[in-house]
Amino acid sequence: METKKKKRSFPTAFTVLFIILIIASILTYVIPSGRFSRLKYDDQTNEFIITDYKDHVTVEPATQEYLDKLNIQLDLSQFKDGVIKKPLAIPGTYTKISQHPQGITEILKAPVEGVMDTVDIMIFVLILGGIIGLVNKVGAFEAGIAALSKKTKGKEFILVSIIFLLTTLGGTTFGLAEETIAFYPILMPIFLVSGFDAITCIAAIYLGSSVGTMFSTVNPFSVVIASNAAGINFTDGLFFRVMALTIASIITLGYIYYYSKKVQKDPTASLTYDNKKEIHDRFLKEYDDEKGSDIIFTNRKKLILLIFSLAFVILIWGVSSAGWWFEEMSALFLGVAIIIIILSGLPEKEAINTFINGAADLVGVVLTIGLARSINIVLDHGFVSDTLLHYSINLISGMSGWLFSVTQLFVFSFLGFFIPSSSGLAVLTMPIMAPLADSVGLSREIVINAYNWGQGLMAFITPTGLILVTLEMAGTTFDKWLKFVLPLMGMVGIYAVLMLIINTLV
């Protein structure tokens with residue numbers, strides 16, 4: 001008998017993240033530890049609090065003269081008005097410190113700290129999982145999908161376009177990113193029934209959000225805070241950013257269209273074809289395509305789906321207008337869960353067990369969130385981020401023209417891996433990077449665009465960001481996503497470079 005050769009499968013998100021965690025630990029042995037002094041404004045005492053590389057704290061009166069003395073080219077009003085809230089790196093203060101290598105003990109502790117640090121996101125995801133379990137139990141998803149599939153017959157890509165454009169709009173205006181985790185359980189079944197694969201659903205949601213945040217126009221968590229930290233108005237270069245966003249969206253949507261049509265024509269062309277059954281079992285376990293036309297879409301099911309859908313509308317309003325974060329979002333969805341339990345008609349014990357089982361289905365996702373955060377914790381404890389920024393400044397110093405702007409884009413892409421927070425990267429780098437543009441006679445808006453587009457491009461694939469959590473939620477592995485997104489990433493990267501060169505010349 002012939003022995004079948006065992007097929008090797010790509011490692012899970014957990015294994016990929018743990019490997020990166022070990023690499024991050026090794027970097028803390030290789031890259032010198034170092035720190036910039038930091039300045040923070042205390043609005044209670046109207047004073048600046050300066051923390052040096054030894055964690056020694058000094059207090060100075062909050063005056064424009066003191067900012068000028070530190071070569072921080074910002075107006076004092078930006079601190080007093082609450083525009084600059086996070087500590088700023090002080091130019092010229094980088095100092096090497098004793099090495100802080102992160103060994104085996106730190107590697108094992110980091111995931112625990114990561115879970116503790118992201119518990120707000122985890123609770124949100126678990127509550128969402130419980131709601132999905134309830135909605136599936138009463139058959140609301142099954143009936144809704146059956147009704148929708150009839151209406152979208154022959155014009156399925158309209159759904160892809162609408163989802164992509166809405167998430168792009170959310171990304172460019174208020175930084176829609178982590179909130180998209182909630183979209184997959186409700187949209188994935190619809191995409192699958194419409195003939196698309198899991199990759200197309202991920203692309204419509206994740207790439208929409210990523211392109212929107214990469215080419216941000218008025219996103220307060222990236223372009224606005226970066227502009228403020230650079231000492232310019234965020235409206236500077238706004239028209240150019242809108243134009244860049246429009247063209248990038250067309251490129252990305254065209255790429256998704258090409259892939260989705262190829263899959264619809266030949267399902268074996270799907271990058272997730274080999275685990276199609278597992279994905280369908282996960283998202284369509286209650287749906288039977290053959291009896292779809294016989295499913296009755298009752299008023300109870302319609303009401304449950306309506307309440308569930310309205311929760312997303314309220315969520316987007318809360319995040320964009322009311323300053324909500326995961327605490328408020330979790331409370332919203334907990335309220336929705338209670339309402340659905342009451343409307344479901346299920347016995348109390350069955351309803352609660354259904355909610356718990358639904359939450360249990362997403363335990364793997366929430367643990368991925370904590371493990372992803374642990375990588376940043378190891379790098380932070382190793383004090384390597386400031387060193388990398390210091391090296392980056394030395395790299396671009398002396399460059400001029402388009403070479404300066406393009407090199408900055410790649411520098412920000414590189415730094416984006418180690419500092420995935422857009423606001424964190426902005427306040428750390430802008431007080432130092434922005435004045436470099438003055439020295440070579442360029443507008444500071446070019447530095448803002450290089451920061452925005454560089455970090456945004458890296459977000460397509462960086463494991464320390466949101467992508468591995470997304471893939472875990474969608475039941476897809478990292479290698480399949482890379483096969484899909486790397487060609488697009490190359491196209492968008494070349495486009496961003498060309499736009500920066502045009503920006504520099506204009």
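**Exercise 1. Which residues does N228 touch, not counting residues up to four places away in sequence?**

Solution. The model is predicted, so local features need pLDDT of at least 70 and side-chain atom pairs count only at pLDDT 80 or more, while totals for chains, interfaces and linings use all residues. Residues are numbered from 1 along each chain as its sequence is written, and side-chain values use heavy atoms, with hydrogens and water left out.

Step 1. Set the criterion: contact means heavy atoms within 4.5 Å.

Step 2. Apply the criterion to N228: the residues touched are L74, Q78, V83 and I84.

Step 3. Place the residue. N228 sits in helix 10; helices (H or I, at least four residues) and strands (E, at least two) are DSSP runs, numbered from the N terminus.

Step 4. Classify N228. Buried means under 20% relative accessible area, exposed over 50%, and partly exposed in between (1.4 Å probe, protein chains only). N228 has 14% relative accessibility and therefore counts as buried.

**Exercise 2. Describe helix 7: its span, its buried residues and what covers them.**

Solution.

Step 1. Work out the expected span, which is 1.5 Å times one less than the number of residues. Helix 7 covers residues 157-174, 18 residues in total, and reaches 26 Å from its first C-alpha to its last, close to the 26 Å expected.

Step 2. List the buried residues. They are F157, L159, V160, S161, I163, F164, T167, T168, G170, G171, T172 and F174. In reading such a list, recall that an α-helix has 3.6 residues a turn, so residues three or four places apart point the same way.

Step 3. Find the cover. Among the elements over the buried residues of helix 7 are helix 8 (184-193), helix 9 (198-214), helix 10 (220-230), helix 11 (238-265) and helix 13 (299-321).

Step 4. Check the end. Just after helix 7, G175 has a positive phi of about 75°.

**Exercise 3. Classify the aromatic pairs F215–W453 and F417–F418.**

Solution.

Step 1. Set the rule. Rings of Phe, Tyr and Trp (its six-membered ring) pair if their centres lie within 6.5 Å; planes under 30 degrees apart count as stacked, over 60 as edge-to-face and the rest as tilted. The count by this rule is 20 aromatic pairs.

Step 2. Take F215 and W453: with 5.5 Å centre to centre and 40° between the planes, the pair is tilted. F215 lies in the loop between helix 9 and helix 10 and W453 in helix 20 (residues 444-458), so the pair ties together parts 238 residues apart in sequence. F215 is buried, at a relative accessible area of 1%, and W453 is buried at 1% relative accessibility.

Step 3. Take F417 and F418: the ring centres are 5.2 Å apart and the planes are at 80°, so this pair is edge-to-face. F417 is partly exposed at 22%, whereas F418 is buried at 8%.

Step 4. Note the cluster: Y206, Y255, Y259, W481 and F484 form one aromatic cluster.

**Exercise 4. Examine three salt bridges and the exposure of their partners.**

Solution.

Step 1. Set the rule: a salt bridge is a side-chain nitrogen of Lys or Arg within 4 Å of a carboxyl oxygen of Asp or Glu. Seven salt bridges are counted this way.

Step 2. D55 and R35 form one of them, with the closest N and O atoms 2.9 Å apart. This pair links distant parts of the chain: D55 is in the loop between strand 3 (47-51) and strand 4 (57-61), and R35 is in strand 1 (residues 34-35), 20 residues apart. D55 is partly exposed at 47%; R35 is buried at 16%.

Step 3. D117 and R373 form another, at 2.5 Å between the closest N and O atoms. Because D117 lies in helix 4 (residues 104-117) and R373 in helix 16 (residues 363-381), the pair ties together parts 256 residues apart in sequence. D117 is partly exposed at 44%, and R373 is partly exposed at 24%.

Step 4. D438 and R444 also meet in a salt bridge (2.5 Å, N to O). D438 is partly exposed at 39%, while R444 is buried at 11%.
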